[in-house]
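Please look over the sequence and the model below before reading on. The text then goes from one part of the fold to the next.

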Amino acid sequence: MKPLRVVIVGGGFAAVQFAKTLRGKLRPSECEILLFNRENHMVFHPLLADVAGASINADAAAAPLRQMLPGAGCRTERVQRIDLPSSEIEFEDGNGALTRLPYDHVVLACGAESNLGIIPGMSDHAFAFKVMRDATKPEIKKAVETLFGVKVEAVRVANVHGKVKRQGRFVGRRPDWKKAYVVLKKGEKMVEFFDQA
Ligand SMILES: Cc1cc2nc3c(=O)[nH]c(=O)nc-3n(C[C@H](O)[C@H](O)[C@H](O)COP(=O)(O)OP(=O)(O)OC[C@H]3O[C@@H](n4cnc5c(N)ncnc54)[C@H](O)[C@@H]3O)c2cc1C
């Protein structure tokens, strides 16, 4: 019998863990795993601060997906569309042509991005930061102005409840945290650090 084809979109912690777990449970003869990621490597985000601080090389914060997932097919391609009625994904191949591929199951593990586009102008002038829970708006304003050499127009903060996480039999909760949206004064531009990121 033909193996089931499971297509995973994404190559971060969620996708890699899912692919590893599935491979551990089902043999290649039972299940073909195809992972599509825009990059050929997985980034260990928690280590990025050390890369920025030059205490480790950038290479140390990324691992090739093919090495991490010997039991899965890893494709460095961007999935453009999922056609649910026909159970097919549409992706851009290496030559820029759109190609379709049928699947039996599709798993979306393509991460999340803050949608700053819902308020006109916000994506051009506002930046989101994770801040200390006791940081005040004036403190955030001062820190951003000092660190990035810009003038801040406004700071908005939001308290975020920590996610509920299950680990085996245990259910716990991540700590609550605080997010700050910093809006720059008209004409101000964030430094090269953000332009190059
Ligand atoms: C600087 C920083 C530090 C962090 N530190 C911590 C920490 O200490 N502890 C902690 O728990 N969390 C931390 N996080 C958060 C953690 O990194 C994320 O929660 C986690 O990476 C989310 O994993 P994910 O697999 O859901 O998504 P991601 O890691 O975002 O992976 C999604 C992948 O999908 C790919 N993709 C997206 N769309 C497509 C498409 N259409 N086609 C193909 N591929 C696509 C992307 O290229 C990306 O590789 C940190 C995050 C950052 C940015």
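Two residues are in contact if their C-beta atoms, placed from the backbone, lie within 7 Å. Axes are lines fitted to C-alpha atoms, for helices over the stretch in contact, and angles run from 0 to 180 degrees between N-to-C directions. Helices (H or I, at least four residues) and strands (E, at least two) are DSSP runs, numbered from the N terminus. Two strands pair if DSSP finds at least two bridges between them. With these terms, helix H5 lies across S10, S11 and S14, and runs at about 125 degrees to S11.

The model is a predicted one, in which local features need pLDDT of at least 70 and side-chain atom pairs count only at pLDDT 80 or more, while totals for chains, interfaces and linings use all residues. Residues are numbered from 1 along each chain as its sequence is written.

The protein chain is divided into domain 1 (4-108) and domain 2 (116-196), with bounds that come from an automatic or database domain assignment. Taken over C-alpha atoms, the centres of domain 1 and domain 2 are separated by 29 Å.

One open sheet has four strands in the order S5-S2-S1-S9, and its pairing is parallel. Its edge strands, each pairing on one side only, are strand S5 (73-76) and strand S9 (105-108). From one strand to the next the twist averages 20 degrees. S2 and S5 run parallel and are joined by four bridges; leucine 35 has cysteine 74 in S5 as its bridge partner. Helix H1 lies across strand S1 (4-9), S2 and S9, and its direction is at about 170 degrees to that of S2.

Next come strands S6, S7 and S8. S6 pairs with strand S7 (residues 88-92) in the antiparallel sense over five bridges, and arginine 81 is matched with glutamate 90 in S7 as its bridge partner. S6 and S7 form a hairpin with four residues between them, where serine 87 in the turn has a positive phi of about 50 degrees. S7 in turn is joined by five bridges to strand S8 (residues 98-102), and these two run antiparallel. Here the bridge partner of glutamate 88 is proline 102 in S8. The hairpin of S7 and S8 has five residues between the strands, and glycine 96 takes a positive phi near 85 degrees in this hairpin.

Another open sheet has three strands in the order S10-S14-S11, with antiparallel pairing. Strand S10 (126-131) and strand S11 (152-160) are the edge strands, and each pairs on one side only. Neighbouring strands of this sheet are turned by 25 degrees against each other on average, direction ignored. Between S10 and strand S14 (residues 177-184) there are six bridges in the antiparallel sense, and alanine 128 has tyrosine 181 in S14 as its bridge partner.

Helix H5 (residues 137-148), which lies across this sheet's strands S10, S11 and S14, has twelve residues and reaches 16 Å from its first C-alpha to its last. That is close to the 16 Å expected at 1.5 Å a residue, where the expected span is 1.5 Å times one less than the number of residues in the helix. Just after H5, glycine 149 takes a positive phi of about 65 degrees.

Which residues come nearest to the ligand? Of the 19 residues around the ligand (C-beta atom, placed from the backbone, within 6 Å of it), these are Gly10, Gly12, His45, Cys110 and Gly111. Helix H1 (13-25), strand S2 (31-37) and strand S6 (78-83) are the elements that give two or more residues to this shell. H1 provides the largest share, three residues. By class, the shell has ten nonpolar, six polar and three charged residues. Ala, Val, Leu, Ile, Met, Phe, Trp, Tyr, Cys and Pro count as nonpolar, Asp, Glu, Lys and Arg as charged, and the others, Gly among them, as polar.
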